[in-house]
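Biologist: Hello! I am new to reading protein models, so could we go through one together, a question at a time?

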Amino acid sequence: MGTLKRIPANCLFLCFLLLSLQGMEILDPDEVEYIRLQANGTVGGNVTLECGSVLPTIFIWGYARAGSPGNVALAYNYGQGPKVQPPAHGGPAHLSVPANTSALRLEQVSREAEGTYTCQALYDADQGARITFYYTQLVVSGD
Ligand SMILES: *[C@@H]1O[C@H](CO)[C@@H](O)[C@H](O)[C@H]1NC(C)=O
Ligand SMILES: *[C@@H]1O[C@H](CO)[C@@H](O)[C@H](O)[C@H]1NC(C)=O
Ligand SMILES: *[C@@H]1O[C@H](CO)[C@@H](O)[C@H](O)[C@H]1NC(C)=O
């Protein structure tokens, strides 16, 4: 595992399912819950983007620059601990996933970090799996 590549927008969810849910009952996509959030940052500052208050069983963070259709995988946790794209890959900021959370922390945010961050979270429960997509619009101000 490990190489995070530029992948088509719709593939985030599909690949997520294919890679992670083999053998699990897959829900009707209509049952996916969508939550839209907003976050503000300043150039050079730090921002933490939330992905719910309960730790998901698995989650993947993706990023689409403002006005860009492409979605880039930034970080994920398939249950074996978080994996984050290395800064050398030209991501939007220095990234980390704080311990025991599904949040995405951005440090030394640049203008280029502005865009839409999507956390696709799957919560496994006795009643079946529940999927929530968190869309966070990050606005970066200052210079
Ligand atoms: C972000 O800034 C906008 C405009 O200043 C403000 O309306 C909004 O409430 C802020 N959002 C957050 C989450 O602080
Ligand atoms: C951002 O986080 C880093 C590391 O935790 C810290 O050293 C730095 O002071 C923070 N920057 C701001 C503007 O708070
Ligand atoms: C994360 O969870 C593990 C296991 O529950 C615990 O041992 C560890 O102290 C937690 N770390 C933090 C930073 O909360």
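Modeller: Happy to! Let's begin with a term: two strands pair if DSSP finds at least two bridges between them. Keep in mind that this is a predicted model.

Biologist: In what order do the three strands of the open sheet lie?

Modeller: Let's build the sheet from its pairs. Strand 3 and strand 8 run antiparallel and are joined by three bridges. Strand 7 also pairs with strand 8 in the antiparallel sense, over three bridges. The order of this open sheet is therefore, with two bridges being enough for a pair, 3-8-7.

Biologist: Which are the edge strands of that sheet?

Modeller: An edge strand here pairs on one side only. From one strand to the next, the twist averages 20°. The edges are strand 3 and strand 7.

Biologist: Which residue of strand 8 is the bridge partner of L95?

Modeller: We can walk along the bridges to strand 8. T48 has R105 as its bridge partner there, and H94 has E107. For L95, the partner in strand 8 is L106.

Biologist: Along strand 8, which side chains point to one face and are buried?

Modeller: The side chains alternate along this strand. R105 and E107 point to one face and are not buried. Pointing to the other face, and buried, are L104 and L106.

Biologist: Which strand gives the largest share of the largest nonpolar core?

Modeller: In soluble globular proteins, nonpolar side chains tend to be buried together. The largest core here has 23 residues, and L49, W61, L104, L106, Y117 and L138 touch the most other members. Strands supplying at least two residues each include strand 3, strand 4 and strand 8. The largest share, four residues, comes from strand 9.

Biologist: How many residues are in the other core, apart from that one?

Modeller: Among its members are A73, L122, A129 and F133. This other core lies apart from the largest one, and its number of residues is ten.

Biologist: Back to L106: leaving out residues up to four places away in sequence, which residues does L106 touch?

Modeller: L106 is one of the residues that touch the most other members of the largest core. Leaving out those sequence neighbours, the residues it touches are G45, N46, V47, L49, A93, H94, L95, A113, Y117 and L138.

Biologist: Is S102 buried or exposed?

Modeller: S102 lies in the loop between strand 7 and strand 8. Its contacts, not counting residues up to four places away in sequence, include C51, F59, W61 and C119. Because its relative accessibility is 4% and the cut-off is under 20%, S102 counts as buried.

Biologist: Which residue has its backbone oxygen 2.9 Å from a polar atom of the S102 side chain?

Modeller: Among the residues that S102 touches are C51, G52 and V54. The backbone oxygen at 2.9 Å from a polar atom of the S102 side chain belongs to C51.

Biologist: What is the phi of N100, about?

Modeller: Most residues other than glycine have a negative phi. N100 is in the loop between strand 7 and strand 8, and it counts as exposed because its relative accessibility is 74%. N100 is not a glycine, yet its phi is positive, at about 60°.

Biologist: And where is Q108 found?

Modeller: Q108 also has a positive phi, of about 50°, although it is not a glycine. With a relative accessible area of 62%, Q108 is exposed. Its place is the loop between strand 8 and strand 9.

Note on methods
Residues are numbered from 1 along each chain as its sequence is written. Chains are lettered from A and ligands numbered from 1 in the order in which they are written. This is a predicted model: local features need pLDDT of at least 70, side-chain atom pairs count only at pLDDT 80 or more; totals for chains, interfaces and linings use all residues. Side-chain values use heavy atoms; hydrogens and water are left out. A nonpolar core is a set of buried Ala, Val, Leu, Ile, Met, Phe, Trp, Tyr and Cys residues joined through side-chain atoms within 4.5 Å. Buried means under 20% relative accessible area, exposed over 50%, partly exposed in between (1.4 Å probe, protein chains only). Contact means heavy atoms within 4.5 Å. A polar contact is a pair of N or O atoms within 3.5 Å; within protein, one must be able to donate a hydrogen and the other to accept it, and residues adjacent in sequence count only if both atoms are side-chain atoms. Axes are lines fitted to C-alpha atoms, for helices over the stretch in contact, and angles run from 0 to 180 degrees between N-to-C directions.
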